[in-house]
Structures are given as C-alpha cells and as structure tokens.
Amino acid sequence: MSVQEYLDKHLLSRKIEDAVNAAVRAKTPDPVLFISNHMRKAVQSVITRIKARQILDSRGIPTVEVDLYTNKGMFRASVPSGNSTGMYEAVELRDGDKGVYLGNSVAKAVKNINEKISEALIGMDPTLQHQIDQAMIDLDKTEKKGELGVNAILAVSIAACKAGAAEKEVPLYKHIADLSGKTSPMLPVPAFTVISGGKHAGNNLAIQEIMILPTGTNRFEEALRMGSETYHHLKAVILEKFGAYGCNVGEDGGFAPNVSSFKEALDLVKEAIGRSGYNEKIKIALDVAATTFCIGTRYDLDFKSPQKSGQNFKSAEDMIDLYKELCAEYPIVSIEDPFDKEDWEHFKHFSSLGFCQVVGGDLLSSNVKRIERAITESACNAFLLKVNQVGTVTEVIEVVKQSKEAHWRMVVSHRCGETADSFIADLAVGLASGQIKAGAPCRGERLEKYNQLLRIEEELGDEGIYAGEDIRQ
C-alpha cells in the first residue's frame, strides 16, 4: 500500500487539514502540540482494558480495586465496605476460605471483573454510564448482585464514571451532575465524627457516633477548619478528664473515651465547641444505630457492659422522651436510625414531631422498595446514601432522584472500611446532596474526601455554593 493509498483509506488528509485549520484559527504558539491534542480528541474513546486486583481497606480487610483503560488513559477506583451486609442491600462477593484473610478475600470478585465484566464492556463508550451499568446488571442477573458481587460491579461503575468525565473533559462532579440532570453543584456540610461508640469502638457508649456539623459559614474551607479545631479541642478535653487512653480512636477516627451515657459524651462535645468559640456555628448530629442494641422491642443501653447488660432497658417511648430531652439541651439537628430498622411506627411518630432531621440509614439500606415505603408512610425525612448498598452509579442517581422528589434531605456517607478513593466527595457535590458523612477530620482515608472537597471549592471559585444552614437542598 502506498502512502497516498494509506492516507485515503483512513481519511487522514482531511483530518490533518482540519487540525491545521483549527491551529491557525486558535493562533496557537505551539502548533505541533495543538494539532496532536486536536487529533487525539477526534478519536472516539472506548474502554480498551479492565484490570482488577485485591487491595486492603482501612481496616486491613480485602476489597476490590479496578484500573479501567480507554484511549485517554487509565482510571482507577476502589470500593468501601461496611461492618456487615444488611438483608436489604446489595451483597459483596467474598471467597469464604477461612484460611485466607479469615474468609474475607475477594479473589472471586476480582476474577469476575477480569474475565466476565471485562469481556462484556470492552469497546463501550465510557460516557454512556447507563449502558455500562445495565450491561453489568444484565450479566449478573440477580436482585442483589450476588453473582458477580456488588464490590466487583461498583468498582467498575465508578472507574467508568471517572473515564466518562475525562472523555468529556469536565471535572468528575460536573459529569455526575450532568448524568443526574442537576445543573448547580453544591458543597456539602460535613458531618465530622468526633466521638465513636457502638460497634465502632471499644468503650461502653451504646450509640455509634456523635458528629459535629459546621453550618454557620458560607465556605467549605472554613467548615473544615472549624471541624478540625473543635476535634483537637475535644482531644484536650478528653485528655484532661480521661487521660491518654481516652484519646484512642474508633474505626472512622472519632475519639472513644470510656463514657457510658449519651449526656456524658455530649457534654464533652459541647465543651469542645465552647472552647473553639463556635457555639452558634456548629450543630450536633447523632448516629444511634439503634438496631445494634435492640432486643425484641426494647433497647439495651448497657449492651456493651456485660455486668450491667439488661439493667438499663428502654422502650421505644422512653427513647423518644430521651431524644426530646437531648434536642432541648444540646444543639442537635439530626438523628440517624433512632429505632430498630423494622420499627416503622416509632420512626413515623418521631419524624412527625419535627424535633430534628430523622435519617434513615439501616431503616432504608439505600433500597428502592424501602425508600418507597418510607416516603408513603413518612417514616423519616432524610436519606443516608451508601453507594455500595446500591451497586452502580446509575442506580445511585435513581434512588437520589426518588428521595429528592419526596423533598427529603440527603446525606452521602462513607463506610467503616474505606479506601483512598475520593469518589463520594465528587458525588456529593454533583448530586448537590447538601451533607456528607466521611468520618473524623483525621485518618488519611477520611481526609481524602474532605481534601477533595477543598479542591472542588477552589476550582468552582465564586460559583461554589456551600450548603451551610440550608441543608434541605
């Protein structure tokens, strides 16, 4: 084949001429670089390779990481994991061999990506998120993604989303906003974990988390500073009252002093807020995770103290009275999972009282059917979004639309087993969630999310709106 025949076959003469004309119109000082970039953009990007591997999450437990390749480069994603999988959420695929990582290895999920998912997606356009996700759903053929594993499917879905953003040459949060039909990105209010309890810490505190929300500012950068300063003031308070052992931290970075009552823990936080000088600017949120200490229809607030367990039972009505008292005494604006995940009636009753934001976490498990029921019954007024409970970026966007149509608030959430992937930061901005729960303002895997939000705010400039007091967006 002659040079001319080769040029004619691939229409190269016309493409090169178009690139040169574009360089002339742009008056570029570096025509070779301009023409090179112009030619690269002319090539439609497709998925060329997918490679998965097993890595460790923040707890030292295996999870899945994916490298997805297109003509534009390599895009990496890794998935988080919770302490347990609820009956209503998508399920992870783990190997179960107790002799390897105590049964937690994910070699099967990795193999499913490298063999089955890869074969199905090679050649697809990364900007077509819905088609990519649907192809994996069709390949799995189960309601909870148990065949391929949600850890396999989600890792590829997130990597594809990042590749789609690169193909469009827009930031990831902007690509997510486009996919969801949302045109106004918003910086979320961070819910910083400052005290850990429940199953996340070895103290005697029944509730899982006490968080602080810096709402009294109009910049995320300042909110992060307020959270960090208060966190360190809290460390000093705990050191004075409990000594160095009280400053040990839980899985998501919250301090774990050996307090046993709600009020004792809240008093520590209240004092730290006072010392920081942010009394009117920081609010408090609770993640009760009441399912973990519900026995029948009663709640054992001493379930972590073997010698006392069973002596401090509370009925659901007692818990409502307790929450009312706490909301009156402390600046509490949000309570997550105040009752057992099947106690729909008391969720509904407490939400109707209007004391604070009532977040459905375990209650909803990011499950479409349970969200529908909660909307119908007015069981809560806020939705905790954990992406690995859902399974794909497309389905995440669908459940978010479902909750926003009900005028619910939304909290994008991390998991206790996290990675260095900052995807949920871009997700929170792109979906304009208004709130993000990503742990304490310490520990690298938590700060990856908060630091990414700093970068996004910097990039948005004057267009960067911080949710602040208006967390109803």
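This is a short talk on the cavities, one helix pair and one small sheet in this structure. Please keep in mind that the model is predicted.

I will start with the cavities. Searching the whole structure gives 3 cavities of 30 Å³ or more. The largest cavity has a volume of about 90 Å³. Its lining is made of 13 residues. Those lying nearest the centre of the largest cavity are Met211, Ala285, Ser334, Gln357 and Val411. Which elements give two or more residues to that lining? They are strand 6 at 209–214, strand 7 at 282–287, strand 11 at 332–336, strand 12 at 357–360 and strand 15 at 434–439. By residue class, the lining of the largest cavity has 8 nonpolar, 3 polar and 2 charged residues.

The second largest cavity holds about 60 Å³ of space. If you want to select its lining in the viewer, take Ser78, Pro80, Ile158, Val387, Glu418, Thr419, Asp421, Phe423 and Ile424. This lining splits into 5 nonpolar, 2 polar and 2 charged residues.

Next, the helix pair. Helix 8, residues 220–242, packs with helix 16, residues 444–460. The axes are 9 Å apart, and the angle is about 150°. Are these two helices roughly parallel or roughly antiparallel to each other? Angles over 145 degrees count as roughly antiparallel, so helix 8 and helix 16 are roughly antiparallel. On the helix 8 side, the contact is made by Phe220, Glu221 and Leu224. On the helix 16 side, these residues meet Tyr450, Asn451, Leu453, Leu454 and Glu457. The residues of this contact divide into 5 nonpolar, 1 polar and 2 charged.

Last, the sheet. It is an open sheet of 3 strands in the order 8-9-10, and the pairing is antiparallel. Which strands are at the edges? Strand 8, at 294–295, and strand 10, at 313–315, each pair on one side only. Strand 8 is joined to strand 9, residues 298–300, by 2 bridges. Across that antiparallel pair, Cys294 has Tyr299 in strand 9 as its bridge partner. Helix 10, residues 316–329, packs on the sheet and touches strand 9 and strand 10. The direction of helix 10 makes about 90° with that of strand 10.

To recap, the items were the 3 cavities of 30 Å³ or more, the roughly antiparallel pair of helix 8 and helix 16, and the open sheet of 3 strands with helix 10 packed on it.

Conventions:
Residues are numbered from 1 along each chain as its sequence is written. This is a predicted model: local features need pLDDT of at least 70, side-chain atom pairs count only at pLDDT 80 or more; totals for chains, interfaces and linings use all residues. Side-chain values use heavy atoms; hydrogens and water are left out. On a 1 Å grid over the protein atoms alone, a cavity is a set of points where a 1.4 Å probe fits but cannot get out, and a pocket is an open set with protein on both sides within 12 Å along at least five of seven lines; lining residues have an atom within 4 Å of a point. Grid points are joined across faces, edges and corners, and a volume is the space filled by probe spheres set on the points. Helices (H or I, at least four residues) and strands (E, at least two) are DSSP runs, numbered from the N terminus. Ala, Val, Leu, Ile, Met, Phe, Trp, Tyr, Cys and Pro count as nonpolar, Asp, Glu, Lys and Arg as charged, and the others, Gly among them, as polar. Axes are lines fitted to C-alpha atoms, for helices over the stretch in contact, and angles run from 0 to 180 degrees between N-to-C directions. Angles under 35 degrees count as roughly parallel, over 145 as roughly antiparallel, 65 to 115 as roughly perpendicular and the rest as oblique. Contact means heavy atoms within 4.5 Å. Two strands pair if DSSP finds at least two bridges between them.
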